[in-house]
Amino acid sequence: MNRRDFLKVGVGASGSLMLSLSLPGCAGAQTGYQPETGEWKPDAWLELTRDDEIFFTLARVEMGQGTYTGLTTLIAEELGVEPDAITPRFAPAAPEYRNPLYKLQLTGGSTSVATSWEPLRTAGASARQMLVMAAARVWEVEVADCTVRDGQVVHPNGIDSMRFGQLVELASKEVIRGDVRLKPRSEWKYIGKRGGRLDAEAKSTGTAEYGIDVELPGMVYAVVTRAPRYGGRAHAFNAEEVRAMPGVVDVVEIERGVAVVADKYWRARKAQAKLIVEWDFSEALSVSTNEVFDAYRKAADENPGETERSEGDFDKAAGAAPTVLEVEYAQPYLAHATLEPMNATAWYRGDSVEIWAPTQAPDLGQIAAARATDLSPDDVTINTTFLGGGFGRRLTQDFIEEAAAVSYRTGKPVKVIWSREEDTRHDLYRPAMLHRMRASLSDGELTGWHHQIVGPQILDWYVRNAAPAQYPWAPKFMYDSLGSMGLMLEGIATPKDMSAIEGAVEYPYAVSNIDIRHTHTDPGVPVTWWRSVGYSHNGFAVETFMDELAHEAGEDPYQFRRKLLASEPRHREVLDRAARLAGWDQPVPEGRGRGIALFRSFGTFVAQVVEAGVENGAIRIYRVSAAVDCGQVVNPRIVEDQIEGGILFGLTAALYGEITLEEGEVQQSNFHDYQLMRQYERPDVAVELVDSEEPPTGVGEPGVPPVIPALGNALFALTGERQRSLPLKATA
């Protein structure tokens, strides 16, 4: 009995067994009242039943970031019920559930609350208003005199009431004319309060269903041996020998390698160990890490890059300044290392294929499954599960494509599971980047800022399935041309890809002459979104360089930043708060250094102070103090958790994160050589939130960007040695 089964049985014995999550089918978004079932769907998100059940279709996935609770709270507040009176259900792939910022059904970019803030509150308020109108009509009283409390509409006499379930049929006939009234802040009962997580019980009792938990009748298991170098293709393999092994169902070639299919997972793994594949590397990646950075430097020398922001005349300012500082920063490729192994389950039935997967992009999953089969996206049903970590990895749908391909070839329901080694070596990485920085100082004043960013754009790799997902009616033979058109029209008819420059172009400090450029060069290493995306590498470059400039000017790093933020009150507020929280004006303990950094990402302002030292030849981080302005906070507890999670994620990258290549092969394979921060290394973390009435912004990622330079700046304060590449070393 595994741990999950133990938990299920244990809780069941106690008489409080939670049912496993019921995975939704692709029911579409029909609205209205169904007299046969007593279900009323006033909109795409809500369903109320005559039995007083309330279901919320959650259009964003839950990967630990708290959407399950946060978005449900928005509905609950306006509907007038406790959040735990609502049952969230993951949305099917459907146009109604697309992220309005991306026109795709994506969960990413820390956008879930920001994009749902008004639509979900309006949905809840609309349903509430229709229920009240129905009750008022029955009682023949004024609508304005009725109130809502705990799933009931209350009569003006304060005594009589009608349950929502009694009103759903009548409410479905009501029509709202004019604007829907949202509750004012003064009436909020749940928004802004430290509510518990709605998914906590399911996750702590083992009843929450992740992709790895999916089981189907007659299901088989597959593991895939992929080419050790990206772009390699299987030339020959010993299929018959492996097929003869116990439990092996089939051995099939798919686009990225050879899949071994067996009745049990470990039988598939044992058989995989006997698989011998001859690879064709004629079109495979052959680059090494040193060659990547050599290519970046050559590109930077030969091409100043596209202008992304230009103010004043940097060259003139630099020519007139007595001091010009010029440095280079380098950052490596990074893997995502999601703790739930990459996996997907597919069942091809001839005229349809059904997918169960922990995916951040269900509609892209439809495209991926259609690519691998003879079906169209309309024939693909995506059942989204809980995600055991995403960090951007599950935005790319290669794992769904593989599962669909294997099921299509075998005709069986099949779960494809990646090992940790396979995930590490065949991930799509955070791009390695190079930054060339120049700045001019005159009498201690910053007079010019130049930032040349060198590296790839993620859209080049992501457009393959993203473009067809925006035009699902397009036949498959057009998929590649849609992708090419998307790249050609990027920044014109399609949104500009900001992945390389985000955070750099929003440089907030008051400088008269600014020149920010991007030299686009791609060495062919597969890349994708990684938690905080471009903000992560630009945050390190910008905030480390600001520290260098403060040192060069002979000023305190906090005060140097502060005086340049006189016109940026929200930046300045979090900077001041973080400094106070950390005791910046107090002496740092012996053997420790203190560093500060500030960055706005995804609309959220975060300043952090790191206190660090070196013990027994290793970097030791004692304390991180963070101040955060993310606008209106929906649930302070979840925001604090997300900021802390981002801090630990960023520190892990700062201390250990590095994927290297030799002749096209990734050198790391598991947590022994691609380490995560251990529990004993965890610093004390203090988070202070700004009380704000501004619209809410994201919190899943903004904790990452400032903590990496803040740690580097702390080590500089301690050692006097500046580190300009990652990961950071104890002996710089």
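A pocket, as the term is used here, is an open set of grid points with protein on both sides within 12 Å along at least five of seven lines, and its lining residues have an atom within 4 Å of a point. The model on display is predicted.

**The second largest pocket**

Begin by selecting Tyr230, Glu255, Arg256, Asp398 and Arg464, which lie nearest the centre of the second largest pocket among its 45 lining residues. Then colour helix H10 (362-372), helix H11 (398-410), helix H13 (459-470) and helix H14 (479-488), the elements that each give two or more residues to this lining. The space in the second largest pocket is about 930 Å³. Colouring its lining by class should show 21 nonpolar, nine polar and 15 charged residues.

**The open sheet**

Next, display the five strands of the open sheet, whose order is S1-S2-S3-S4-S5 and whose pairing is mixed. Strand S1 (32-34) and strand S5 (87-90) stand at the edges; each has a single partner strand, so one side of each lacks a neighbour in the sheet. From one strand to the next, the twist averages 20°. Zoom in on strand S4 (residues 54-58), which runs parallel to S5 and is joined to that strand by four bridges. Here Thr57 can be selected together with Arg89 in S5, the residue that stands opposite.

**Enclosed cavities**

The search for cavities of 30 Å³ or more yields three. For the largest cavity, select Leu58, Ala59, Arg60, Val61, Phe90, Ala91, Gln105, Leu106, Thr107, Pro362 and Thr384, which line it. This cavity has a volume of about 50 Å³, and its lining divides into seven nonpolar, three polar and one charged residue.

Move then to the second largest cavity, which holds about 40 Å³ of space. Its lining consists of Ala335, Ala337, Arg420, Asp423, Thr424, Asp427, Phe671 and Tyr674. By class, these are four nonpolar, one polar and three charged residues.

**The nonpolar cores**

In soluble globular proteins, nonpolar side chains tend to be buried together. To inspect the largest nonpolar core of this model, select Trp449 and Leu711, the two that touch the most other members among its 114 residues. Helix H15 (residues 533-553) supplies the largest share of this core, nine residues. Finish at a second, separate core of 41 residues, where Tyr33, Trp40, Ile54 and Leu74 are among the members to select.

Conventions:
Residues are numbered from 1 along each chain as its sequence is written. This is a predicted model: local features need pLDDT of at least 70, side-chain atom pairs count only at pLDDT 80 or more; totals for chains, interfaces and linings use all residues. Side-chain values use heavy atoms; hydrogens and water are left out. On a 1 Å grid over the protein atoms alone, a cavity is a set of points where a 1.4 Å probe fits but cannot get out, and a pocket is an open set with protein on both sides within 12 Å along at least five of seven lines; lining residues have an atom within 4 Å of a point. Grid points are joined across faces, edges and corners, and a volume is the space filled by probe spheres set on the points. Ala, Val, Leu, Ile, Met, Phe, Trp, Tyr, Cys and Pro count as nonpolar, Asp, Glu, Lys and Arg as charged, and the others, Gly among them, as polar. A nonpolar core is a set of buried Ala, Val, Leu, Ile, Met, Phe, Trp, Tyr and Cys residues joined through side-chain atoms within 4.5 Å. Buried means under 20% relative accessible area, exposed over 50%, partly exposed in between (1.4 Å probe, protein chains only). Two strands pair if DSSP finds at least two bridges between them. Axes are lines fitted to C-alpha atoms, for helices over the stretch in contact, and angles run from 0 to 180 degrees between N-to-C directions.
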